[in-house]
Amino acid sequence: METGSQGEVQLENEHFRVTRWTIEPGGAIPMHRHDHEYVVVPLVSDTMHVTNADGSEIAAELVAGQSYTRPAGSEHRVENRTSPAPIVFVEVERLS
């Protein structure tokens, strides 16, 4: 894992894995692939920069408490490029 990001698994069973992610200012979660469908629950309102495996980039506008989902197979790097505060979200993966 790159400097500036931390993932804490809060719950894991045969159906779900719940991880709280914190990305410090200037930090990133390195390129990774999601093997399972997942839901993201932002705990802050902020902008998160996402670089997809094909090199395309998006600025994801997070709104605290406004969840979104992504399909299995998503592959990307996630960065906190511009915020002076940590970006914090909970990721819920559906394992089965």
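A residue counts as buried when its relative accessible area is under 20%. Keep that cut-off in mind as we walk through this model, which is a predicted one. Take T22, which sits in strand β2. Its relative accessible area is 17%, so T22 falls on the buried side of the cut-off. What does T22 touch, leaving aside residues up to four places away in sequence? The list is G4, S5, Q6, P86, I87 and V88.

Step along to I23, also found in strand β2. I23 is buried too, with a relative accessible area of 0%. Setting aside residues up to four places away in sequence, its contacts include G4, S5, A28, I29, M48, V78, P86, I87 and F89. There's also a long-range relationship to look for: I23 and S83 are 60 residues apart along the chain, and their C-alpha atoms are separated by 10.0 Å.

I23 brings us to the largest nonpolar core, made of 10 residues: W21, I23, I29, Y38, V40, M48, L62, V78, I87 and F89. Strands β2 (16-23), β4 (38-42) and β9 (87-94) each supply at least two of these core residues. As a bit of background, nonpolar side chains in soluble globular proteins tend to be buried together. I87 is a handy member to click on: among the residues it touches, beyond those up to four places away in sequence, are W21, T22, I23, M48 and L62. The contacts of I87 also take in V44, D46, T47, E79 and N80.

Now for how some of the strands line up. Strand β8 (residues 75-79) pairs with strand β3 (residues 28-33) in the antiparallel sense, over 4 bridges. One place to see this is A28, whose bridge partner in β8 is E79. Strand β5 (residues 46-52) is joined to β8 as well, again by 4 bridges and again antiparallel. Here you can look for T51, which stands opposite R77 in β8.

Finally, have a look at the largest pocket, which holds about 320 Å³ of space. Which residues lie nearest its centre? They are H32, H34, Y38, H76 and E91, out of 22 lining residues. The elements giving two or more residues to that lining are β3, β4, β5, β6 (57-62), β7 (68-70), β8 and β9. By class, the lining has 11 nonpolar, 6 polar and 5 charged residues. Y38 links two parts of this tour, as it belongs to the largest nonpolar core and is one of the residues nearest the centre of the largest pocket.

How values were computed: Residues numbered from 1 in each chain as written. Predicted model: local features only at pLDDT ≥ 70, side-chain atom pairs only at ≥ 80, totals over all residues. Heavy atoms only, no water. Pairing = 2+ DSSP bridges. Core = buried A, V, L, I, M, F, W, Y, C linked by side-chain atoms within 4.5 Å. Buried < 20%, exposed > 50% of the residue type's maximum accessible area, 1.4 Å probe, protein only. Contact = heavy atoms within 4.5 Å. 1 Å grid on protein atoms, 1.4 Å probe; cavity = no way out; pocket = protein on both sides within 12 Å on 5 of 7 lines; lining within 4 Å. Points joined across faces, edges and corners; volume = space filled by probe spheres on them. Nonpolar A, V, L, I, M, F, W, Y, C, P; charged D, E, K, R; others polar.
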